[in-house]
Amino acid sequence: TPQFLLPLVNFAFIAFIDQCFEVLLPLMYSTSISSRGLGFSTFTIGLIMGVWGAANSLIEIFIFPPLVRKLGPRRLYIAAFASYLVCIAAFPVMSLLARRAGQVDGWTWAILIIQLGVYTFAFMGYGTVFRILFET
């Protein structure tokens, strides 16, 4: 039925774009600056992702329910899906900033924090699909 098929297709789209981003994230973070990455160690990458995971879980628990009530599942899904553009566009910006400075400086860290903050918002797209599926 369309009531089930449409959210399922939307879930497939957001899962695909999320996997594209998730594959690029450790690759970009671990690649050397001379090869247009950020040159982080595995420890630094693990620390970044661990802190982001803890923060993401708290934000999803406390911010997602009022946000979906205010915007509605459809508008929140559209905004979450569109925010992947910012997440993916941050990679070349961070690369450019790191290459210009010769290292990861404060500006690069600022873009990285913005990227992961927007990614937290993008992650809310999963919750909206399930809300649409089980609402009816």
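Where is the place of Asn56 in this protein? Asn56 sits in helix α2, in what is a predicted model. With that residue placed, here is a walk through the rest.

**Overall picture**

The protein is built from five helices and has zero strands, so to speak an α-α-α-α-α pattern when read along the sequence. Its C-alpha trace spans about 55 × 25 × 20 Å along the principal axes. There are 136 residues, and 33% of them count as buried. On the outside, about 8000 Å² is exposed, with carbon and sulfur atoms supplying 74% of that area. As for contacts, take those between residues at least 6 apart in sequence: 76% of them join residues at least 24 apart.

**The core**

Inside, the largest nonpolar core has 25 residues. Tyr29, Leu38, Phe40 and Leu112 are the ones with the most contacts inside this core. Helices α1 (2–30), α2, α4 (73–101) and α5 each put at least two residues into this core, and α5 gives the most, with seven residues.

Which residues does Phe40 touch, not counting residues up to four places away in sequence? The list is Tyr29, Ser30, Ile45, Ile48, Val104, Trp109 and Leu112. Two of the names on it, Tyr29 and Leu112, are also among the residues with the most contacts inside the core.

**The pocket**

The largest pocket comes to about 190 Å³ in volume. Its lining is made of Leu47, Ile48, Val51, Trp52, Ala55, Ile59, Trp109, Leu112, Ile113, Leu116, Gly117 and Thr120. Helices α2 and α5 (106–135) each supply at least two of the lining residues. By type, the lining splits into ten nonpolar residues, two polar and no charged ones. Ile48, Trp109 and Leu112 turn up here as lining residues, and Phe40 touches each of these three as well.

**Three residues to look at**

Here is how Asn56, Met49 and Arg36 come out for accessibility.

| Residue | Relative accessibility | Class |
|---|---|---|
| Asn56 | 6% | buried |
| Met49 | 23% | partly exposed |
| Arg36 | 49% | partly exposed |

Why does Asn56 count as buried? Buried means under 20% relative accessible area, and Asn56 counts as buried because its relative accessibility is 6%. Leaving aside neighbours within four places in sequence, Asn56 is in contact with Thr120 and Phe123. Thr120 also belongs to the lining of the largest pocket.

Met49 is in helix α2 too, which covers residues 42–62. At 23% relative accessibility, Met49 falls in the partly exposed class. Apart from its neighbours within four places in sequence, Met49 is in contact with Leu25 and Tyr29. Tyr29 is one of the residues with the most contacts inside the largest nonpolar core. How many residues apart in sequence are Met49 and Ile17? They are 32 residues apart in sequence, and their C-alpha atoms are 18 Å apart in space.

Arg36 belongs to the loop between α1 and α2. Arg36 has a positive phi of about 75°, although it is not a glycine. If you're checking the backbone in the viewer, that loop is the place to find this angle. Arg36 is partly exposed, with a relative accessible area of 49%; the cut-off for exposed is over 50%.

Notes: Residues are numbered from 1 along each chain as its sequence is written. This is a predicted model: local features need pLDDT of at least 70, side-chain atom pairs count only at pLDDT 80 or more; totals for chains, interfaces and linings use all residues. Side-chain values use heavy atoms; hydrogens and water are left out. Helices (H or I, at least four residues) and strands (E, at least two) are DSSP runs, numbered from the N terminus. Buried means under 20% relative accessible area, exposed over 50%, partly exposed in between (1.4 Å probe, protein chains only). Contact means heavy atoms within 4.5 Å. On a 1 Å grid over the protein atoms alone, a cavity is a set of points where a 1.4 Å probe fits but cannot get out, and a pocket is an open set with protein on both sides within 12 Å along at least five of seven lines; lining residues have an atom within 4 Å of a point. Grid points are joined across faces, edges and corners, and a volume is the space filled by probe spheres set on the points. Ala, Val, Leu, Ile, Met, Phe, Trp, Tyr, Cys and Pro count as nonpolar, Asp, Glu, Lys and Arg as charged, and the others, Gly among them, as polar. A nonpolar core is a set of buried Ala, Val, Leu, Ile, Met, Phe, Trp, Tyr and Cys residues joined through side-chain atoms within 4.5 Å. Accessible areas come from the Shrake-Rupley method with a 1.4 Å probe; for residues, only the protein chains shown count as cover.
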